[in-house]
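Please work through the exercises below with the sequence and the model side by side. Try each task before you read its solution.

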Amino acid sequence: MLSGAAATLRHRAPSHLLHLRCQMLCSPPSSSLFTATSPADLPTRPGPPPIRVALTESAGRGVFATRGIGSGELIHSAKPLVTHPSASHLLKVCYYCLRKMGKESSLVSDESPSSYCFCCEGCREQSKVFSEVEKRADWSSYDEHCRLRGLKYPFMVKRLACMVISGAVSADCLDILQPANLPQGTLAEMEEEFKLLKYTFEKAQFQDELIAFLTEQWYISVLARIRVNAFRIELVGGLYEDLLTSAAALVATDVSVGNAVYMMPSFYNHDCDPNIHIVWVDNADAKLKALCDIKEGEELRICYIDASMDQEARQKILAEGFGFQCCCLRCLEGD
């Protein structure tokens with residue numbers, strides 16, 4: 001999810017592999033998974049979304065339209081690889097899908113030192129890919145360390161580590177994503193967090209072979225990728241059909257309920273005048289919609305930040321948060 005000067009730092013994968021992963025990991029509007037080629041006996045099955053991943057001339061990987069896309073068209077949806085609620089919303093949203101909780105519908109779990117909620121039995125069941133591992137350890141020291149320092153991404157690394165231990169994902173599942181550039185001071189903090197994380201698993205007496213992947217190098221690599229590829233989830237609520245009528249749906253009035261990392265949305269490059277945008281309606285499932293008519297072969301770009309800010313503010317945030325200087329047309333024109 002980088003652009004401009006950061007292009008040279010991208011983790012390059014063969015173009016055929018990127019295209020295959022695009023087909024495997026990107027959901028069409030009406031289904032969560034699809035095959036690259038629909039079987040002949042299922043002619044009504046939705047086809048893949050009209051996009052492909054390829055290398056750009058100046059910004060590493062990018063996502064391109066494989067046909068004309070009309071303004072307002074829902075291009076695809078995407079389910080997160082890993083999520084975590086923000087500390088202030090831990091008991092206000094579903095611990096799995098980040099849906100806002102209603103008092104009458106919440107299912108509270110007391111199987112952990114820090115209780116959490118689920119919006120439904122289905123989410124409780126799906127959460128077992130990390131919660132069954134998580135509840136075996138005492139996370140009080142690790143969680144307190146992160147909260148006192150205002151850290152959010154180490155919670156996502158913790159959840160991912162639990163998913164690896166449970167066998168739900170591989171330890172290298174995020175390797176295809178671009179990592180952030182890390183200053184030396186940040187590396188020192190990460191080393192401290194890693195020691196706390198590993199100590200927590202060791203104290204819980206997990207078998208050595210289950211946590212063999214958990215090295216300092218793995219921790220820093222995963223955290224570096226999460227830092228630059230995680231999306232702030234701001235739920236807009238309301239009817240999805242209503243949201244598609246306006247790009248204003250991108251800006252939600254609620255504060256962030258948590259963070260999530262996706263595969264396909266992380267391949268989109270930035271533009272301060274984007275042609276698509278990403279919306280979260282009532283949970284962490286992302287929906288990407290065209291803001292204007294898009295031609296076949298045109299690159300699809302999202303805006304990583306608040307596009308209403310002035311040029312100086314945008315450049316500062318993009319440089320500090322994403323590690324590149326934006327050279328989009330809007331910035332070049334001084335808008």
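**Exercise 1. Which residue in β11 is the bridge partner of Leu74?**

Before starting, note that this is a predicted model, in which local features need pLDDT of at least 70 and side-chain atom pairs count only at pLDDT 80 or more, while totals for chains, interfaces and linings use all residues. Residues are numbered from 1 along each chain as its sequence is written, and side-chain values use heavy atoms, with hydrogens and water left out.

Step 1. Find the two strands, where a strand is a DSSP run of E with at least two residues, a helix is a run of H or I with at least four, and both are numbered from the N terminus. Strand β3 covers residues 74-78, and strand β11 covers residues 286-290.

Step 2. Check the pairing, which requires that DSSP finds at least two bridges between the strands. Here β3 and β11 run antiparallel and are joined by 4 bridges.

Step 3. Read off the partner: in β11, Leu74 is bridged to Lys289.

**Exercise 2. Describe the open sheet that contains β2, and say how its strands are paired.**

Step 1. The sheet has 4 strands in the order β1-β2-β12-β9, and its pairing is mixed. Its edges are β1 (51-55) and β9 (269-270), each of which pairs on one side only.

Step 2. Moving along this order, β1 and β2 run antiparallel and are joined by 5 bridges, with Ala54 standing opposite Gly62. The two strands form a hairpin with 5 residues between them, and Gly60 in the turn has a positive phi of about 65°.

Step 3. β2 and β12 are also antiparallel, with 2 bridges, and Phe64 faces Glu299 of β12. By contrast, β9 pairs with β12 (residues 299-302) in the parallel sense over 2 bridges, where Asn269 has Arg301 as its bridge partner.

Step 4. Consider the surroundings of β2 (residues 61-65), taking buried as under 20% relative accessible area, exposed as over 50% and partly exposed as in between, with a 1.4 Å probe and protein chains only. Because 5 of its 5 residues are buried, β2 is largely enclosed by the rest of the structure. In a regular strand the side chains alternate between the two faces of the sheet. In β2, Arg61, Val63 and Ala65 point one way and Gly62 and Phe64 the other way.

**Exercise 3. Work out why Cys120 has no disulfide bond to its closest cysteine.**

Step 1. A disulfide is a pair of cysteine sulfur atoms within 2.5 Å, and a search of the whole structure finds 0 of them.

Step 2. The closest cysteine sulfur to that of Cys120 belongs to Cys119 and lies 3.8 Å away, so it is too far for a bond. Cys328 is likewise in no disulfide, with the sulfur of Cys326 nearest at 3.4 Å.

Step 3. Compare the accessibility: Cys120, at 31%, counts as partly exposed, whereas Cys328, at 7%, counts as buried.

**Exercise 4. Describe how α5 and α6 pack against each other.**

Step 1. The axes, lines fitted to C-alpha atoms over the stretch in contact, with angles running from 0 to 180 degrees between N-to-C directions, come within 11 Å for α5 and α6 (residues 184-203) and cross at roughly 35°.

Step 2. With contact meaning heavy atoms within 4.5 Å, the residues involved include Val157 and Ala161 of α5 and Leu197 and Phe201 of α6.
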